[in-house]
Amino acid sequence: MSKYKIIGPAVPNMPWQDRPAESKEWMPLWRYSENPIIGRNPVENVARIFNSAVIPYEGKFIGVFRGEQINGIPHIYLGHSEDAIHWEFEKEKINFVDEDGNSFMPVYAYDPRLVKVEDTYYMMWCQDCYGAGIGMAKTTDFKTFTRIENPFLPFNRNAVLFPRKINGNFMMLSRPSDSGHTPFGDIYVSESPDMVYWGKHRHVMGKSPEWWESVKIGGGAAPIETDEGWLLFYHGVTGTCNGLVYSIGGAILDIDNPSVVKYRCENFLLTPEEWYEERGFVPNVCFPCATIHDAETGRIAIYYGAADTYVGLAFTELDEVIDYIKEHSVVRQSDTETGRR
Ligand code: BMA
């Protein structure tokens, strides 16, 4: 009998691997043994795919992938998969259109997230907005991607939509900061009745004194609805004499007021340890952008970019990860002082 419940559909064909015997049982996540699931030069003229989002679609899986072209400029590529592990990519980057169907491409696009709300799939990414800003598009068929209004002023990154409206409004996490290699950043939440006008901006949680997330944090995968609250996998960044290190953290937000942090794990859930996380275009990066999860079994697969070069897959189970977050939870005043109550 499971202790906690994922609220959502069953995904019986989701990727899964039991915890391997050699994995430390006190660690809440374990890696897929065949990582990385996407290697170098995966598409003609694309050197690396990483920081990407996937979702169940018509009994199979579909995803939006950050493809670093061989001119160094990132764009988003569509991928299809039967098992959410082996991916086939379309050769051409996604051609975004405006509402009249005319091509409307961002100058660059990276770190996409993909979230279904009701019958529509929304994609959000980081793009040029005279500095780093958030771009958004919607699709219902993964053939036409229509851009919608930019939700926030620059500078901002890591926009992550909640998978359903809350109190009648769309809700989205984001991480306002400055342009360039942002030296600071907390997670905020904003609301919109129509995906055009966003407001009621609230602080959710800040960087913390815990060293692994002491520089900045940012939303990762779309929050998972559970009977304990919204389970959020996010990234936390530390600074070293040799550059930044990105790890995966976990928190649980209030189900009706997600600006309120119920539990926040003081330990990272996953940090760069494997060669594909430590070695690549940017070393020491684990950057979560999506999960696939099954309400029937409580299984969760986390997709994360590794070293700005590869895509890795890690697994956990709902009971295990929630208990771990609760047992190691430290919620500080900076996570609550301006939270909506
Ligand atoms: C961040 C983003 C991510 C990237 C990370 C590490 O600022 O640009 O796309 O994975 O840096 O380079």
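Which residues surround the ligand? Keep in mind that you're looking at a predicted model. The ligand is surrounded by Asn 51, Arg 66, Tyr 110, Asp 111, Arg 157, Tyr 246, Val 282, Val 285, Phe 287 and Asp 308. If you sort the residues of this shell by character, you get five nonpolar, one polar and four charged.

Now zoom in on a few of those neighbours. Asp 308 has a polar side-chain atom 2.6 Å from an oxygen atom of the ligand. For Arg 66, an N or O atom in the side chain sits 2.7 Å from a ligand oxygen. Asn 51 joins in too, with a polar side-chain atom 2.9 Å from an oxygen atom of the ligand. And how much of the ligand does the protein bury? Taken alone, the ligand exposes 310 Å², and the protein buries 88% of that.

Next, have a look at strand S18, which covers residues 243-253. Why is S18 described as largely enclosed by the rest of the structure? It's because nine of its 11 residues are buried, which here means under 20% relative accessible area.

S18 also has partners. Strand S17 (residues 229-240) runs antiparallel to S18, and 11 bridges join the two. Getting from S17 to S18 takes a hairpin of two residues. To spot the pairing yourself, find His 235, which stands opposite Ile 248 in S18. Strand S19 (residues 261-264) is antiparallel to S18 as well, joined to it by three bridges. Here you can look for Ala 251, which stands opposite Arg 264 in S19.

One more thing to try while you trace these strands: in a regular strand, the side chains alternate between the two faces of the sheet.

Definitions and conventions. Residues are numbered from 1 along each chain as its sequence is written. This is a predicted model: local features need pLDDT of at least 70, side-chain atom pairs count only at pLDDT 80 or more; totals for chains, interfaces and linings use all residues. Side-chain values use heavy atoms; hydrogens and water are left out. A residue is near a molecule or strand if one of its heavy atoms lies within 4 Å of it. A polar contact is a pair of N or O atoms within 3.5 Å; within protein, one must be able to donate a hydrogen and the other to accept it, and residues adjacent in sequence count only if both atoms are side-chain atoms. Accessible areas come from the Shrake-Rupley method with a 1.4 Å probe; for residues, only the protein chains shown count as cover. Ala, Val, Leu, Ile, Met, Phe, Trp, Tyr, Cys and Pro count as nonpolar, Asp, Glu, Lys and Arg as charged, and the others, Gly among them, as polar. Buried means under 20% relative accessible area, exposed over 50%, partly exposed in between (1.4 Å probe, protein chains only). Helices (H or I, at least four residues) and strands (E, at least two) are DSSP runs, numbered from the N terminus. Two strands pair if DSSP finds at least two bridges between them.
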